[in-house]
Amino acid sequence: MVWERLSKELILPQIEARDSADIFEQAGGKLVSLGYCKDSYVEALKIREKDFPTGVDMGEVGVAIPHTNVSHVLKKGIAIATTKKPVTFVQMGTDDETVEVRVIFMLAVDEKGHLELLQAILGILQDPHVVEKLSNAQNPEEIINIIKEKEKSL
């Protein structure tokens with residue numbers, strides 16, 4: 001279950017962000033400062049995003065699921081950020097199509113279980129009502145509860 005892996009200290013609701021790099025600094029910086037990732041993590045996110053965009057058009061509210069090579073990760077974790085205003089990301093699988101993102105699941109993962117975690121997160125985000133609720137959540141507990149409730153119904 002995704003919600004069981006969440007830590008309140010890694011959930012950043014309603015942040016002010018200019019662009020994806022700003023989100024990487026804030027959420028990725030939190031993963032670094034709390035010992036989940038090496039100092040190289042944030043820069044690695046920025047580099048990987050250029051080659052492998054992570055924006056996903058989910059309808060009304062776009063999401064992004066940035067992550068990087070396991071060599072930058074010390075231990076598994078998931079940072080979740082929501083933004084006050086949409087931030088432009090390039091659509092996954094394209095070079096130039098953009099999506100306006102308000103919900104970000106930033107992953108610190110190792111080789112084991114990476115695809116399963118990604119599938120579980122996408123399963124949660126397939127529900128536009130859940131994405132909308134996440135984008136409007138005001139605190140970490142609310143975000144965890146939205147995910148927990150959705151996972152109970154899967």
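**Sheet, cores and side-chain pairs in a predicted model**

Five strands make up an open sheet of mixed pairing, arranged in the order β1-β4-β5-β3-β2. The edges are taken by β1 and β2; each has a single partner strand, so one side of each is left without a neighbour in the sheet. The model is a predicted one, and what follows describes that prediction. At the β2 edge, β2 and β3 run antiparallel and are joined by two bridges. Within this part of the sheet, G55 stands opposite A64 of β3. In general, the strands of a sheet pair through backbone hydrogen bonds, in either a parallel or an antiparallel way.

Strand β5 contains V103. This residue counts as buried because its relative accessibility is 1%, against a limit of under 20% for that class. Leaving aside neighbours within four places in sequence, V103 is in contact with V61, G62, V63, A64, A81, T82, V131, L134 and S135. A64, the residue that stands opposite G55, is therefore one of the contacts of V103, by the criterion of heavy atoms within 4.5 Å. V103 and L125 lie 22 residues apart in sequence, and their C-alpha atoms are 9.6 Å apart in space.

L125 leads to the nonpolar cores. The largest of them has 27 residues, and F105, L125, L134 and I147 are those with the most contacts inside it. Two or more residues of this core come from each of β4, β5, α3, α4 (128-136) and α5. Helix α3 gives the most, with five residues. For I147, the contacts beyond four places in sequence are V2, W3, L6, I80, F105, I124 and L134. Apart from this core lies another, of 25 residues, which includes A27, A64, V73 and V87. In soluble globular proteins, nonpolar side chains tend to be buried together.

Helix α2, residues 41-51, has a buried side and an exposed one. Its buried residues are Y41, V42, A44, L45 and E49. Viewed down the axis of α2, these residues fall within an arc of 155°, so they line one face of the helix. Among the elements that cover them are α1 (20-33), β2 (55-56), β4 and β5. The face turned away from the buried side of α2 carries K50 and D51, which are exposed.

Two of the buried residues of α2, Y41 and A44, also appear in the surroundings of H72. This histidine is placed in the loop between β3 (62-64) and β4 (77-90). With neighbours within four places in sequence left aside, H72 is in contact with C37, K38, S40, Y41 and A44. The side chain of S40 is joined to that of H72 by a polar contact of 2.6 Å. H72 counts as buried because its relative accessibility is 18%, and the class requires a value under 20%.

Charged pairs are the last topic. The whole structure holds seven salt bridges. One of them is formed by the side chains of E141 and K8, at 3.5 Å from N to O. This pair links distant parts of the chain, 133 residues apart: E141 is in helix α5 (residues 140-153), and K8 is in the segment before β1 (11-15). With a relative accessibility of 35%, E141 counts as partly exposed, and K8, at 48%, also counts as partly exposed.

Another salt bridge joins D110 and K76, whose closest N and O atoms are 4.0 Å apart. D110 is in the loop between β5 (98-108) and α3 (114-125) and K76 in the loop between β3 and β4, so the pair ties together parts that are 34 residues apart in sequence. The loop that holds K76 is also the place of H72. D110 counts as partly exposed at 31% relative accessibility, and K76 counts as partly exposed at 46%.

A further salt bridge, between E149 and K152, has its closest N and O atoms 3.5 Å apart. Both residues belong to helix α5 and are three residues apart, about one turn of the helix. E149 has a relative accessibility of 48% and counts as partly exposed, whereas K152, at 58%, counts as exposed.

Terms used: Residues are numbered from 1 along each chain as its sequence is written. This is a predicted model: local features need pLDDT of at least 70, side-chain atom pairs count only at pLDDT 80 or more; totals for chains, interfaces and linings use all residues. Side-chain values use heavy atoms; hydrogens and water are left out. Helices (H or I, at least four residues) and strands (E, at least two) are DSSP runs, numbered from the N terminus. Buried means under 20% relative accessible area, exposed over 50%, partly exposed in between (1.4 Å probe, protein chains only). A polar contact is a pair of N or O atoms within 3.5 Å; within protein, one must be able to donate a hydrogen and the other to accept it, and residues adjacent in sequence count only if both atoms are side-chain atoms. A nonpolar core is a set of buried Ala, Val, Leu, Ile, Met, Phe, Trp, Tyr and Cys residues joined through side-chain atoms within 4.5 Å. The arc is that of the directions from the helix axis to the C-beta atoms. Two strands pair if DSSP finds at least two bridges between them.
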